[in-house]
Amino acid sequence: MLILVSTAVKTAADFGSHNEMSLPHSLTFANFKAAWQVGQFGVSFINSGLITLVKVPLGVLLAALLSYSLAKLRIHLRGTITFVMLLGLTVPIFIAVVPIFTMLRHVGLIDNIWGLLPPYLAFGLPFEVLILTSFFRRIPQEVIEAARIDGSSELRIFFRIVLPLSLPVLVTVAILDAVATWNELIIALVLLSSPGHRTAPLSLLNFQGQFTTNFPALAAGILIALLPILIGYGLLQRWIVTGLTAGAVKG
């Protein structure tokens, strides 16, 4: 991070004539203005924000529903479903790029920001289910059974009892999912081509020329792209620690 900040406030001449590890000999903030214009971050921030605001709540809800079923309900093939979810953690995203592109091309979602939603949901579910299932199993079964005796449906139990008790871990999963969604590059690079549809990580490709790269402007662009995540992560890190440790031990 220190090297990134140091490079972002250097002039191109300073960066080229001195070691990249050296401190800047003259400070300039013009790289940030140039990076915002070259990277077209005004458009890419809107695209990344839209897909993140839709994907994260939807993904967490789907993961919570599946995790509750695996942890508290007697369903057929529960072991198989759990195995498939865990198997999803081992699948490299690179081997799925061609099938994803082929399927989305058939439904007309290539070069469409919403075409990112299905693969983002699919690749986000395994980790979310792993965390939420572990937490839901710690919820006392007596609470669930008491609600069933009172005549509550499973959906009512889920929304009125389980979700309020699981707020710390739900916030944790949402934060981690938002970070992963905002920073995702490979799928977006394959599916999106128009400049107006690019996400924040794709905007950084604008700094790569055919023969050279403007590294000070690129460093400034990286800082701009990271700024929303750094702010959110810094403000909500307490929730992350609380949620990840909430179901770790039985106290």
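How are α4 and α9 oriented to each other, roughly parallel or roughly perpendicular? In this predicted model, the two helices pack at an angle of about 110°, with their axes 12 Å apart; because angles of 65 to 115 degrees count as roughly perpendicular, α4 and α9 are assigned to that class. On the α4 side the contact is made by Leu61, Ala64, Leu65 and Tyr68, which meet Glu154, Leu155, Ile157, Phe158, Phe159, Val162 and Leu163 of α9. Sorted by class, the residues of this contact comprise ten nonpolar, no polar and one charged.

Several of these residues recur in the nonpolar interior of the model. The largest nonpolar core holds 26 residues, and those with the most contacts inside it are Ala64, Tyr68, Leu132, Phe136 and Val162. Two or more residues are contributed to this core by each of α4, α7 (117–136), α8 (141–149), α9 and α10, with α4 giving the most, namely seven residues. Tyr68, when residues up to four places away in sequence are not counted, touches Leu73, Phe136, Ile144, Arg148, Glu154, Ile157, Phe158 and Val162. Apart from this core lies another, of 14 residues, which includes Leu116, Leu117, Leu121 and Ile187. In soluble globular proteins, nonpolar side chains tend to be buried together.

A second helix pair involves α9 (154–165) and α10 (167–183), with Ser166 placed in the loop between them. The axes of α9 and α10 are 5 Å apart, and the helices pack at an angle of about 75°, a value for which the pair is therefore described as roughly perpendicular. In this contact Leu163, Pro164 and Leu165 of α9 meet Leu167, Pro168 and Leu170 of α10, and by class the contact has six nonpolar, no polar and no charged residues. Ser166 itself counts as buried because its relative accessibility is 0%, against a cut-off of under 20% for burial. Once residues up to four places away in sequence are set aside, Ser166 touches Phe135, Phe136 and Ile139; Phe136 is also listed among the residues with the most contacts inside the largest nonpolar core.

Attention may then be turned to two loops that flank α4. Gln40 is found in the loop between α3 (30–39) and α4 (41–72), and the phi angle of Gln40 is near 50°, a positive value in a residue other than glycine. With a relative accessibility of 38%, Gln40 counts as partly exposed. Leu77, located in the loop between α4 and α5 (78–88), likewise has a positive phi although it is not glycine, the value being near 60°. Leu77 counts as exposed, since its relative accessibility is 62% and the cut-off for exposure is over 50%.

The loop that carries Gln40 is also approached from a distant part of the chain. Pro195 lies in the loop between α11 (186–191) and α12 (200–203), and, with neighbours within four places in sequence left aside, Pro195 is in contact with Gln40 and Val43. The C-alpha atoms of Pro195 and Gly39 are separated by 9.6 Å, although the two residues are 156 residues apart along the chain.

Note on methods: Residues numbered from 1 in each chain as written. Predicted model: local features only at pLDDT ≥ 70, side-chain atom pairs only at ≥ 80, totals over all residues. Heavy atoms only, no water. Helix = DSSP H or I, 4+ residues; strand = E, 2+ residues; numbered from the N terminus. Buried < 20%, exposed > 50% of the residue type's maximum accessible area, 1.4 Å probe, protein only. Contact = heavy atoms within 4.5 Å. Axes fitted to C-alpha atoms, helices over the stretch in contact; angles between N-to-C directions. Parallel < 35°, antiparallel > 145°, perpendicular 65-115°, else oblique. Nonpolar A, V, L, I, M, F, W, Y, C, P; charged D, E, K, R; others polar. Core = buried A, V, L, I, M, F, W, Y, C linked by side-chain atoms within 4.5 Å.
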